[in-house]
Amino acid sequence: FVHSRTQQHLEFLHNAAVAVDEQGKIVSIERDVADVSEAKERLFKQLGWSEAEVDVTEAAEGQFFFPGFVDTHIHAPQYANAGIFGKSSLLDWLETYTFPLEASLSDLPKARRVYSRCVRRTLSHGTTTATYYATLDVAATNLLADLCLSLGQRAFVGRACMDDPEINPEYYRDADADETLRATRQTVDHVRGIDPGFDLVSPILTPRFAPSCTREAMAGLAQLHRETGLPIQTHISENLGEMQLVRRMFPEADSYAAVYDKYGLLTPKTVLAHAVHISDAEASLIAAKGSKISHCPCSNTCLTSGPARVRWMWDKGIDVGLGTDMSGGYSPSILEAARQAALVSRHVAMGIHVPQGDDAAAAEREKERVKLTVEEVLYLATRGGARCVGLQDKIGGFEIGMEWDAQLVSLSQVSDDGGLEEQDDNDGFVDVFGWESWDDRIAKWLYNGDDRNTKRVWVKGRLVHRRN
Ligand code: GUN
Ligand code: FE
């Protein structure tokens, strides 16, 4: 079992056994067991379970269990556009690619095809929790919630709110703030009907971003948050054109973050996607309000938005998680997002100017410091994401009392003659020769792994994906 102990450290539990009860809760962790029969004996004695009642999954040599990934920002309807963005940047991308696709998913059979595939595909990549944007369409949004529940993915599902006529096209917007709020409540009620305790699936209040929303809609959603305690998600400071628009549309606020704060949306349950260009003062405001940031490195590169500074956000005391932001980003995989977070942090490092003279050494140290390690990006992908969505006591690691949201990862073992068999192909690109340390194996997985390495996925103890 491999999981993040802290932001900087992975913990490796060798020869361990984890017992999960019928509710999907981890009830015991045994260390240093010689084999499965000893593990069973110890667990059964402790828990009073009998052989007939339990299923056993054993990680074979070279395999390991890892916590399921948390995608803190993903657009389910945009799955149909993954990889399609040309040379666009945010505002023209929305107009050209995104709004037409999203509007077309009011066709329910079409929505079912796209959403089913999106949920299955993200599960196959080890995403056990996803924070989704859906569309304006209530029936299709409710269908996404139904699919998450039936396919077994832990999810936050947001009906996208957009009622301002400035940039929302006529064919894809709410008539006014009342409609936004009414439609949002319909989705909240629907989800309450299918999952009364919001145990697996929860609604999330989703003002698309400030330029899409009237002041009334934002204030109304904030009021709904105060009434219900539901989480909130939106976008912030992704793109310079977007920021200009916000300055023009909301002259009453000092900054983009201040717009959300003014209308009550900066809360400890708010997840802000991107935050590429936020100022020092905005980061301090976000930290003071306890709001979280979803770092979306793949998207920020694809749409040429810019490199977000995770180390700096952490310095400010902000909780950060990872988002694929598909299809701003081309990939539905959080492993890919983690890898790109590591790469983008190196671009941030390369952008630090090293002056001649006395300040050179300090700048060189800073260049080193801003780079994210393998351990840090895998923390972002699991526990970091869990903190962003308020589930840090439930998911993100292997601890007694947490729920079994996990993936079984398998790296292909190179045979003595180094041959490439058909079986190896099915195991992906990661070749383990056998002499690598576990730290090195995890680094290989991060940089070369993909869904072929994810053999099984569980959410709350339920097997939700299996790869042959
Ligand atoms: N800002 C407003 N809408 C969107 C969206 O769908 N994707 C991204 N990346 N940014 C947005
Ligand atoms: Fe987004």
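Which domains does the domain assignment of the protein chain give? It gives two entries to follow here: domain 1, made of residues 2–66 + 408–466, and domain 2, covering 69–388. Please keep in mind as you look around that this is a predicted model.

Let's start with how these domains sit against each other. Their C-alpha centres lie 31 Å apart, and 20 residues of domain 1 are in contact with 22 residues of domain 2. On the domain 1 side of this contact, the elements that give two or more residues are strand 1 (2–4), helix 16 (438–448), strand 19 (454–459) and strand 20 (462–466). Helix 16 supplies the largest share of that side, with 4 residues. Sorted by class, the side of domain 1 that touches domain 2 has 8 nonpolar, 8 polar and 4 charged residues.

Now turn to strand 5 (residues 63–67). Because 4 of its 5 residues are buried, strand 5 is largely enclosed by the rest of the structure. Its antiparallel partner is strand 16 (residues 406–410), and 5 bridges hold the pairing. If you would like a landmark for this pair, find Pro-67, whose bridge partner in strand 16 is Ala-406.

From here, move on to an open sheet of 4 strands, arranged in the order 6-7-8-10 with parallel pairing. Strand 6 (69–75) and strand 10 (201–203) stand at the edges with a single partner strand each, so one side of each has no neighbour in the sheet. Neighbouring strands here are turned by 15 degrees against each other on average, direction ignored. Within this sheet, strand 7 (residues 127–133) and strand 8 (residues 154–158) run parallel and share 5 bridges. To see them side by side, look for Thr-131, which stands opposite Phe-156 in strand 8.

A second open sheet of 4 strands follows the order 12-13-14-15, again with parallel pairing. Its edge strands, strand 12 (232–236) and strand 15 (320–322), each pair on one side only. In this sheet the twist averages 30 degrees from one strand to the next. Strand 12 is joined to strand 13 (residues 270–274) by 5 bridges, and the two run parallel. Here the pair to pick out is Ile-236 and its bridge partner in strand 13, His-274.

Next, zoom in on a single residue, Gln-78, in the loop between strand 6 and helix 2. Is Gln-78 buried or exposed? With 26 other C-beta atoms within 10 Å, Gln-78 is buried; the cut-off for calling a residue buried is 20 or more. Leaving out residues up to four places away in sequence, Gln-78 touches Thr-98, Leu-101, Met-326 and Ser-327. The C-alpha atom of Gln-78 is also separated by 8.4 Å from that of Val-114, a residue 36 places apart from it along the chain.

That brings us to ligand 1. Which residues surround ligand 1? The shell consists of His-75, Leu-90, Leu-94, Thr-98, Arg-208, Phe-209, His-235, Glu-238, Ser-299, Asp-325 and Gly-328. Helix 2 (residues 90–104) contributes the largest share of this shell, with 3 residues. By class, the shell has 3 nonpolar, 5 polar and 3 charged residues. Two of the places visited earlier can be tied in here: Thr-98 is in the shell around ligand 1 and is also touched by Gln-78.

Technical notes:
Residues numbered from 1 in each chain as written. Chains lettered and ligands numbered in written order. Predicted model: local features only at pLDDT ≥ 70, side-chain atom pairs only at ≥ 80, totals over all residues. Near = placed C-beta within 6 Å. Nonpolar A, V, L, I, M, F, W, Y, C, P; charged D, E, K, R; others polar. Pairing = 2+ DSSP bridges. Axes fitted to C-alpha atoms, helices over the stretch in contact; angles between N-to-C directions. Buried ≥ 20, exposed ≤ 12 C-beta atoms within 10 Å, placed from the backbone. Contact = placed C-beta atoms within 7 Å. Domains from an automatic or database assignment.
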